[in-house]
Amino acid sequence: MSEPDYFGALENVSPVQTKATGPTGKLPLSDEILRNWSSGDLFGLTQSVGMGFDPRRVLGDQYLILSTQGGMRNPDGTPIALGYHTGHWEVGLLVQAAAEQVCQNDGVPFAAFVSDPCDGRTQGTQGMFDSLPYRNDAAMVMRRLIRSLPQRKGVIGIATCDKGLPAMMMALAGSSQLANVLVPGGVTLPPTVGEDAGKVQTIGVRYSRGEMSLEEASLEGCRACGTPGGGCQFLGTAATSQVVAEALGMTVPHAALAPSGQPIWTKLARDSAEASRQMVLRGQSLRDVLTDDAIFNAMLIHAAVGGSTNLLLHIPAIAAAAGLKRPDAAAFRKVNQMVPRFVDCLPNGPVGHPTVRLFLAGGVPEVAWHLRELGLLRADAITITGNTWNELIDQWRASDRRQVCRDRLVEADGVDPDEVIIPPAEATRRGMTSTVCFPSGNLCPEGSVIKATSIDPSVIDEDNVYRKRGPARVFTTERAAIAAIKGQTEPAIKAGDVIVLIGRGPLGCGMEETYQITSALKYLSFGKEVALITDARFSGVSTGACIGHVGPEALAGGPIAKVRDGDIIEIEVDRVSLTGRVDLVLEPGATETTVGQRLAARGPHPDLAVEAEMPADTRLWAALQQVGGGTWGGCVYDVDEIVATLEAGLKARQGQ
């Protein structure tokens, strides 16, 4: 192979130009503009026409279309360069539709991009160490971009997936004095034949355990994403974040979970651009929308649909960005006690419909209507449309759109919409339970989280309580745990074990998402007989007896750090009262008389350590969010607390 010739003759032999004819025409300036505008605002007009914009139109209202677009597509949609994931692959089409709508009303559209990673692509890799910290970084960059367009009237934020969408909501909330509107990026379709994108992530472990062939794994791994754009087909973090954005009132109605790439999806971008313009005309901003009632409605709808536990990190972060009180575990527990889940959507059952069916069944407006009927929805809360939820629900119930979408679900898939969004009384009769429970106990004195609604029903006792007692299998890395689950190390994980994964919280590795483990337990034949306890977090598609967010985390001195192989762990989760406990218990014949004596006599696990490959900027994120309230505070930066802590630390060091 020959070395490239960097200094060879240019293919184009024509001379390199050193000058060019500037734009024709003239700027529509006035005496008042020249005397009072800043030099930056004036030079911005020059830049705009330099990029080819019509000089006669440059004084129109400016709108920033901010998106998480990734990859580069040919006009026919084929890839020039891949994106990280389907969730940002097609959103450029939404940017285009929104820009065209802005131009129709003589506005001036600007577009900026802050792309995002893929939690699915980074599962089990060092890339996961950057996943949650990315959210805060992206939100800061997005806010800086918003502030860097000084004349913008509003922002149309377009995002789809696990971290880019929460970051976008935080950015819009942090600039809520503007006419900001969010456009969810929609969902990808499931394949006509084949596994969904959640199940297909377990082909490695199922093959290793002999539960599928190489041919089956190769086939399923190829065909799971039915369409090239959109978030995943299940109510994971991406889809749940879309639902929460609409529940907050940040979107036009019936926006969450639209099928990516289709006309009903691009219409959302046009409607959203117009909604931002109408907010400007009414003199309203996102600040009028994001209220304590909006946060409550978001928690309520999250519970009703059975959403991802990652939103327990993101909803408080959005509230903090908006200057509102951050909901804590007690607030989430109270909301979940009010309303049982009544949506049947992957990864929850009993059927587990894909997200596009939830959209066609009525999506967020239909769920909100049921919650209003129950007297739970704070229906006087306003949305970016200028309408209250009361007004929107009344319009929705009688709308052609509702009827057309629900009819299409019956026609295309043969599914009754009321089997996807089940009337709450019927859902309760069928035994569907509330979404999230917060167990405590001697291993998690500050609390923990379990998606109780998705524990396999066959291991639930008749009184709707999950009970588990078994020996601990302790791991300090996800790599070691998944190897044991695959049967690649001895002893392999077996039915009855309780996996205890420690040192994977913010301080240990950036609070990685451990879907590799939780998905394996869901789809292995014996997985329902295994429990997991960890200070890490889970993917929104996770199911089973998986307890995460354990606090304090192991590296912050939590008692979970002292568990050893063979210790007896006892778990109890009441799916009705939403109470639970996670305890180390003494086996018969133990020499200690109390668990406290056993734990006091032990130091941390000898292998417990900060992840050797943890990036320096993730370590900085972990330290800063710990001061701001940690996991239970949404992993955000509380600037006042951070400054006060730094000042106190400097004084203490100076006094040494």
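Which helix gives the most to the lining of the largest pocket? I shall come to that shortly. Good morning, colleagues. Please bear in mind that the structure before you is a predicted model.

Let me begin with the largest pocket. Its volume is about 870 Å³, and 46 residues line it. Those that lie nearest its centre are Cys118, Gly120, Arg121, Gln201 and Cys225. Several helices each supply at least two residues of this lining, namely α4 (119–122), α7 (203–208), α8 (214–223), α9 (237–247) and α21 (515–523). The answer to my opening question is α21, which gives the most, with four residues. In character, the lining of the largest pocket divides into 23 nonpolar, 18 polar and five charged residues.

I turn now to the enclosed spaces. Rolling a probe the size of a water molecule over the atoms shows where empty space is left. In this structure there are three cavities of 30 Å³ or more. I shall describe the second largest cavity, which holds about 50 Å³ of space. Its lining consists of Leu312, Pro316, Pro327, Asp328, Ala329, Phe332, Phe438, Thr631 and Trp632. Of these residues, seven are nonpolar, one is polar and one is charged. Two helices, α12 (311–321) and α13 (329–338), each contribute at least two residues to the lining of this second largest cavity.

Next, the sheet. In what order do the four strands of the open sheet lie? The order is β4-β1-β5-β6, and the pairing is parallel. At the edges are β4 (108–113) and β6 (181–184), each of which pairs on one side only. From one strand to the next, the twist averages 20°. Within the sheet, consider β1 (residues 62–67) and β5 (residues 152–159): these two strands pair in the parallel sense over six bridges. You may locate this pairing through Gln62, which stands opposite Arg152 in β5.

Finally, I come to a pair of helices. Two packed helices are described by the angle between their axes and the distance between the axes. For α5 (residues 131–147) and α6 (residues 164–173), the angle is about 45° and the axes are 8 Å apart. The two helices, α5 and α6, are therefore oblique to each other. Their crossing, that of α5 and α6, is right-handed.

To close, I would ask you to keep two items in view: the largest pocket, to whose lining α21 gives the most, and the open sheet with its four strands in parallel pairing. Thank you for your attention.

Note on methods
Residues are numbered from 1 along each chain as its sequence is written. This is a predicted model: local features need pLDDT of at least 70, side-chain atom pairs count only at pLDDT 80 or more; totals for chains, interfaces and linings use all residues. Side-chain values use heavy atoms; hydrogens and water are left out. On a 1 Å grid over the protein atoms alone, a cavity is a set of points where a 1.4 Å probe fits but cannot get out, and a pocket is an open set with protein on both sides within 12 Å along at least five of seven lines; lining residues have an atom within 4 Å of a point. Grid points are joined across faces, edges and corners, and a volume is the space filled by probe spheres set on the points. Ala, Val, Leu, Ile, Met, Phe, Trp, Tyr, Cys and Pro count as nonpolar, Asp, Glu, Lys and Arg as charged, and the others, Gly among them, as polar. Two strands pair if DSSP finds at least two bridges between them. Axes are lines fitted to C-alpha atoms, for helices over the stretch in contact, and angles run from 0 to 180 degrees between N-to-C directions. Angles under 35 degrees count as roughly parallel, over 145 as roughly antiparallel, 65 to 115 as roughly perpendicular and the rest as oblique. A crossing is left-handed if the near helix is turned anticlockwise from the far one by less than a right angle, and right-handed if clockwise.
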